[in-house]
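Please look over the chain below before reading on. The report takes its domains, cores, helices and ligand shell in turn.

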Amino acid sequence: MHLDSSHLVAYAELVASLQDEKPSAVLERMQSQIEAGDLDLKDVFVALDRTGVEVTDIVRLVRIGKDEAFLTQWRGRGSGTRHTIAALLTEARARADELGIRDLSTRVYDDRMTDAYRSALLDAGFTSTNRRVEYRTPLSQMPPEGESRFVWKTMTETGEDLVLDLLREASIGTPDGVDTSVGSTAIANLLDGDYASMDPRTVQVGFLDGTAAAVLFCVATPEDGWSTITFMGIVPSQRRAGLGTQAHLHGIATLRELGGVTYHDGTGESNEAMLRLFAKQGCVESNRMEEWHAIPGRP
Ligand SMILES: CC(C)(COP(=O)(O)OP(=O)(O)OC[C@H]1O[C@@H](n2cnc3c(N)ncnc32)[C@H](O)[C@@H]1OP(=O)(O)O)[C@@H](O)C(=O)NCCC(=O)NCCS
């Protein structure tokens with residue numbers, strides 16, 4: 001079932017116990033998210049105990065961009081039964097369909113994956129697509145930008161078409177490629193919002209002797225210091241010449257300018273180039289996980 005206001009306190013109690021917070025703080029945060037229109041209780045799925053009073057299991061649908069969403073990792077009081085987890089995932093999938101979500105994914109950390117969880121994902125029509133490595137690093141620990149062969153321009157200066165062309169080209173031969181068939185929506189999805197309302201440096205193109213060769217999407221929220229590079233790419237003909245490293249350092253410098261404090265990022269476990277790049281830049285690995293996608297038309 002989806003969460004309703006009568007179970008809000010019980011929900012806050014469970015979340016608080018799972019993340020070592022006060023229930024009142026969780027409740028307050030949720031209430032302000034509801035008021036701001038950032039949280040719809042119909043996107044939160046819960047299971048209740050036999051008395052119907054306590055919330056025992058939760059999964060939340062989080063919309064990103066126009067037609068993409070992810071499900072938060074299942075959390076609950078016990079270890080979670082296959083039946084309960086599958087029921088929550090199935091309800092969340094139905095809600096995503098109702099909202100016209102085209103791409104629904106979820107990630108499960110290695111230390112939280114169980115046989116029951118895996119079976120529940122399969123029951124609910126998800127397929128395992130990739131393994132991911134994630135990093136979390138203070139920007140103060142990252143190297144400065146230094147020398148670079150690039151001249152950088154914002155998307156305001158280059159126009160959106162060039163950015164889409166670069167996204168398309170840079171998505172060749174990578175497990176982290178972007179689906180550009182949806183046109184401008186691909187940009188909105190990477191930004192989780194509208195570029196026009198953001199700092200123009202959020203999307204940049206790197207030029208080498210006047211020719212576009214790199215694209216960077218840098219997002220930061222100064223309120224909490226969170227920051228990430230949602231996509232970076234070098235055109236295939238220019239790879240393995242040190243340009244990825246230079247582009248990444250420019251991205252890091254941009255995140256600092258945009259008010260970032262901690263750099264969060266990740267890549268597919270099969271993306272050798274990006275794994276190598278993160279390692280050489282001193283990024284600190286925080287988690288390994290499986291990525292699952294809802295199979296269209298199932299269950
Ligand atoms: C990832 C990417 C940006 C790297 O760009 P690049 O210009 O090749 O990077 P660099 O030349 O600076 O190389 C960085 C490191 O990765 C290594 N590397 C590059 N390509 C590699 C590959 N295919 N396999 C293994 N290592 C690789 C380089 O040897 C270098 O390590 P080193 O300095 O220890 O030798 C580029 O491959 C790319 O655009 N990929 C497609 C888009 C993508 O996957 N983006 C990441 C998701 S957001």
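## Ground rules

Helices here are DSSP runs of H or I with at least four residues, and strands are runs of E with at least two; both are numbered from the N terminus. The model is predicted.

## Helix α2 and L27

Helix α2 is followed by G37, whose phi is positive, near 80 degrees. The helix has 13 residues, which at 1.5 Å a residue should span 18 Å. Its end C-alpha atoms are 18 Å apart, so the expected and modelled spans agree.

L27 sits in α2, which covers residues 23-35. Is L27 buried or exposed? Neither label fits: L27 counts as partly exposed, because it has 17 C-beta neighbours inside 10 Å. A buried residue would need 20 or more, and an exposed one 12 or fewer. Leaving aside residues up to four places away in sequence, L27 touches L8, V9 and A12. L8 is 19 residues from L27 in sequence, yet their C-alpha atoms are 7.5 Å apart.

## Two domains

The domain assignment gives domain 1 as 5-133 and domain 2 as 143-281. Their centres, taken over C-alpha atoms, are separated by 30 Å. Contact between them involves 9 residues of domain 1 and 10 residues of domain 2.

On the domain 1 side, strand β6 (residues 126-138) gives the most, with 4 residues. By class, that side has 2 nonpolar, 2 polar and 5 charged residues.

## Nonpolar cores

The largest nonpolar core has 35 residues. Y11, V46, I58, V59, L88, L89 and A92 touch the most other members. Several elements each supply at least two residues of this core, including α1 (8-18), β2 (55-64), α4 (115-123) and β12 (285-294). Helix α3 provides the largest share, 6 residues.

V59 shows the packing in detail. Not counting residues up to four places away in sequence, V59 touches F45, L71, T72, W74, L88, L89 and A92. Another core, of 30 residues, lies apart from the largest one; among its members are L166, L216, M232 and L255.

## Helices α7 and α8

Helix α7 spans residues 184-191, and its buried residues are A186, I187, N189, L190 and L191. Their cover includes β2, β3, α6 (160-170), β9 and β10.

Helix α8 has 15 residues, which at 1.5 Å a residue should span 21 Å. The end C-alpha atoms of α8 are 21 Å apart, so this helix also agrees with expectation. Its buried residues are G244, A247, H248, H250, G251, I252, A253, T254 and L255. They pack against β7 (151-154), β8 (203-208), β9 (211-221), β10, β11 (262-268) and α9. After α8 comes G259, with a positive phi near 100 degrees.

## Ligand shell

Which residues come closest to the ligand? They are T174, G244, T245, A273 and R276, out of 22 residues that surround the ligand. Elements giving two or more residues to this shell are β10 (226-234), α8 (243-257) and α9 (272-280). The largest share, 6 residues, comes from α9.

By class, the shell has 9 nonpolar, 7 polar and 6 charged residues. G244 is listed both among the closest residues to the ligand and among the buried residues of α8.

## Loops and positive phi

Most residues other than glycine have a negative phi. D192 is not a glycine, but its phi is positive, at about 50 degrees. D192 comes just after α7, in the loop between α7 and β8. With 14 other C-beta atoms within 10 Å, D192 is partly exposed.

R240 is another residue other than glycine with a positive phi, near 65 degrees. Its loop runs between β10 and α8. R240 counts as exposed because it has 9 other C-beta atoms within 10 Å, and the limit for that label is 12 or fewer.

T51 lies in the loop between β1 and β2. Is T51 buried or exposed? T51 is exposed, because it has 6 C-beta neighbours inside 10 Å. T51 and I295 are 244 residues apart in sequence, and their C-alpha atoms are 35 Å apart in space.

Notes
Residues are numbered from 1 along each chain as its sequence is written. This is a predicted model: local features need pLDDT of at least 70, side-chain atom pairs count only at pLDDT 80 or more; totals for chains, interfaces and linings use all residues. Two residues are in contact if their C-beta atoms, placed from the backbone, lie within 7 Å. Domain bounds come from an automatic or database domain assignment. Ala, Val, Leu, Ile, Met, Phe, Trp, Tyr, Cys and Pro count as nonpolar, Asp, Glu, Lys and Arg as charged, and the others, Gly among them, as polar. A residue is near a molecule or strand if its C-beta atom, placed from the backbone, lies within 6 Å of it. The expected span of a helix is 1.5 Å times one less than its number of residues. A nonpolar core is a set of buried Ala, Val, Leu, Ile, Met, Phe, Trp, Tyr and Cys residues joined through C-beta atoms within 7 Å.
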